[in-house]
Amino acid sequence: MNRIRSYDREKAILYLVATPIGNLLDMTYRAVNILKEVDKIYAEDTRNSIVLLKHYEINTKLESYHEFNQEIKTDSIIEELKSGMKIAIISDAGLPVISDPGYRIAKEAIKNDIAVSTIPGASAGISALVSSGFSPSPYTFYGFLDSKESKRIEELNNLKYVDHTLIFYEAPHRIKNTLENMLNVLGNRNVCLARELTKTYEEYLRGTIQELLELDNLKGEMVLIVDGYKEEKIDINPFEKIDELISLGYKPNEAIKEVSKLINVNRKELYNDYVEYKNQR
Ligand code: SAM
């Protein structure tokens, strides 16, 4: 049992602070205050974060903590926290940890009995879900699919029968390819592409995957919300369908096999039922 209170003002704490996903004004008062108060801020890209910090007149010491140095930096940040420092992690946009650095340091801090606290705010996936018009619960937040196509197809195959809303992040140069992969694996689902959220050219494109693929120039930052798997309701009389296939030249066994796949029932059971049906006629 690990029970740590975030409100002990004397103790070290690691804050995971949300920053805007495009619109500089989407910064909470509390986030600004915390970033002013802490002993140090670690940012994914200090050049990006300087713009935000300047805007809010935050003069706290700033250092980098990104994908490529987090292995080395995590230990030194833990040492700083152990010495009693209060530290904030920010990423380029939205919540740290969510498809961004922060998970590793949060996990290590928890292991070391250091308080970890989220300062909530903007996050692209949840923001897109809210306005997508798709069922919000449950949902699966997937983040980025693999950049390698074969792996991406494998991932999509694993998601094929998930019957609730799926949230993906995608880069503009890969979106067409990903949509094609989705069309092949998931079928022509309803989707919502949320572009440039909170920015001047914010846009929601709602339609089918095929309709999205007809558009050129899908640019900017984007979240793709995909409708969950819906079981197709097949309204057929299986015996009549078997007869129909036989009349089209199928052998009886082949026809039964096809129809059993179509309505998702056991082939032997369907065979027995069909024989009984025929005997009654
Ligand atoms: N930590 C961020 C969050 O909480 O949403 C996500 C960071 S991830 C590296 C960046 C991806 O988030 C982008 O490639 C895009 O898919 C999505 N994203 C970020 N800002 C966005 C925006 N303004 N509009 C749409 N998608 C956005």
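Select Glu 170 and the ligand: a backbone N or O atom of Glu 170 lies 3.5 Å from an oxygen atom of the ligand. The model is a predicted one, and the distances in this tour are computed from it.

Next, select Ile 21. One of its backbone N or O atoms is 2.8 Å from a nitrogen atom of the ligand. Then pick Asp 100, where the contact comes from the side chain: an N or O atom there is 2.8 Å from a ligand nitrogen atom. With the ligand still selected, consider its surface. Taken alone the ligand exposes 580 Å², and the protein buries 91% of that.

Now show the residues around the ligand. The shell holds 19 residues, and those that come nearest are Ile 21, Ser 123, Ala 124, Tyr 169 and Met 222. Hide the ligand and display the pockets; the largest pocket is the space that the ligand takes.

Which strands each supply at least two residues of the shell around the ligand? Colour β7 and β10 (222-226) to see them. The ranges of the strands place Tyr 169 and Glu 170 in β7, which covers residues 165-170, while Met 222 falls in β10.

Stay with β7 and add its partner. Strand β6, residues 139-144, runs parallel to β7 and is joined to it by five bridges. To look at one position along this pair, select Tyr 139, which stands opposite Thr 165 in β7.

Last, add helix α6, residues 149-159. Together with β6 and β7, helix α6 makes a β-α-β unit, and this unit is right-handed.

Terms used: Residues are numbered from 1 along each chain as its sequence is written. This is a predicted model: local features need pLDDT of at least 70, side-chain atom pairs count only at pLDDT 80 or more; totals for chains, interfaces and linings use all residues. Side-chain values use heavy atoms; hydrogens and water are left out. Two strands pair if DSSP finds at least two bridges between them. Helices (H or I, at least four residues) and strands (E, at least two) are DSSP runs, numbered from the N terminus. A crossover is right-handed if, with the strands pointing away from the viewer, the path from the first strand over the helix to the second runs clockwise. A residue is near a molecule or strand if one of its heavy atoms lies within 4 Å of it. A polar contact is a pair of N or O atoms within 3.5 Å; within protein, one must be able to donate a hydrogen and the other to accept it, and residues adjacent in sequence count only if both atoms are side-chain atoms. Accessible areas come from the Shrake-Rupley method with a 1.4 Å probe; for residues, only the protein chains shown count as cover. On a 1 Å grid over the protein atoms alone, a cavity is a set of points where a 1.4 Å probe fits but cannot get out, and a pocket is an open set with protein on both sides within 12 Å along at least five of seven lines; lining residues have an atom within 4 Å of a point. A molecule sits in a cavity or pocket if more than half of its atoms lie within 2 Å of its grid points.
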